[in-house]
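Work through the exercises below with the sequence and the model open. Each task is followed by a solution in steps.

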Amino acid sequence: PPRHRNDTGAGLLDAALRRENLLQAWKQVRANKGAAGADGLDIDQTAAMLRKCWPAIRDSLQEGTYRPQPVRRVMIPKPGGGERELGIPTVLDRLIQQALLQVLQPILDPTFSQHSYGFRPGKSAHDAVLAAQSFVQSGRRVVVDVDLEKFFDRVDHDILIDRLRRKIPDPGIIRLVRA
């Protein structure tokens, strides 16, 4: 079935799967130096696997039959004491996530509040502190910091996907994000 086409005539999923985008995503995944996921494959082992299996993986992504692997769950210490659970996707799934991020972020990021600092390109926790200090120096008396703990564990994913669909009407992208 034909996929949604954006203004440039290329589907967003096609853009995510372009060689140049995937190479940039691979460089980022490699630079992050993450651990192996549930499949036990590290970055070099995944690279070897991709040399053989990429055409079939790409086809499954385009056909909507790709399913991410379960994440490997580990407990890591929290700075203030206690532990939190961390899910580690496979290197392949991190590659696909990064490739999608590179295509979707330029579309979605401009719709976020200028006062939102979490996980935004060109913004950091340090920038948030500087902004808060600036607000106080300009006479404001209240600064609000919101950390939505376990937000993605608790949010209604159907509503979240519906909101995403309004901005990204490419069914292949939506199917992949939902998976």
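## Exercise 1: Overall layout

Task: give the order of elements from the N terminus on.

Solution. Read from the N terminus, the elements of this predicted model follow the order α-α-α-β-β-α-α-α-α-α. That gives 8 helices and 2 strands. Next, take the extent: the C-alpha trace spans about 60 × 40 × 30 Å along its principal axes. Finally, burial: 30% of the 179 residues count as buried.

## Exercise 2: The second largest pocket

Task: find which residues line the second largest pocket, and sort them into nonpolar, polar and charged.

Solution. Step one is the list: R19, L22, L23, W26, A47, L50, R51, W54 and L95 form the lining. Step two assigns them to elements: helix 2 (19-32) and helix 3 (43-63) are the elements that each give two or more residues to this lining. Step three sorts the lining by class, with 7 nonpolar residues, 2 charged and no polar. Arg counts as charged, and the lining includes R19 and R51. The space in this pocket comes to about 330 Å³.

## Exercise 3: F151 and a surface patch

Task: decide whether F151 is buried, partly exposed or exposed, and state which nonpolar surface patch includes F151.

Solution. First locate the residue: F151 lies in helix 6 (residues 151-154). Its relative accessibility is 33%. Buried requires under 20% and exposed over 50%, so F151 is partly exposed. Then turn to the patch: V142, V144, V146, L148, F151, F152 and L160 make a nonpolar surface patch of about 710 Å².

Definitions and conventions. Residues are numbered from 1 along each chain as its sequence is written. This is a predicted model: local features need pLDDT of at least 70, side-chain atom pairs count only at pLDDT 80 or more; totals for chains, interfaces and linings use all residues. Side-chain values use heavy atoms; hydrogens and water are left out. On a 1 Å grid over the protein atoms alone, a cavity is a set of points where a 1.4 Å probe fits but cannot get out, and a pocket is an open set with protein on both sides within 12 Å along at least five of seven lines; lining residues have an atom within 4 Å of a point. Grid points are joined across faces, edges and corners, and a volume is the space filled by probe spheres set on the points. Helices (H or I, at least four residues) and strands (E, at least two) are DSSP runs, numbered from the N terminus. Patches are made of residues with over 30% relative accessible area and no salt bridge: like charges are joined within 9 Å, nonpolar side chains (Val, Leu, Ile, Met, Phe, Trp, Tyr) within 5 Å. Accessible areas come from the Shrake-Rupley method with a 1.4 Å probe; for residues, only the protein chains shown count as cover. A salt bridge is a side-chain nitrogen of Lys or Arg within 4 Å of a carboxyl oxygen of Asp or Glu. Buried means under 20% relative accessible area, exposed over 50%, partly exposed in between (1.4 Å probe, protein chains only).
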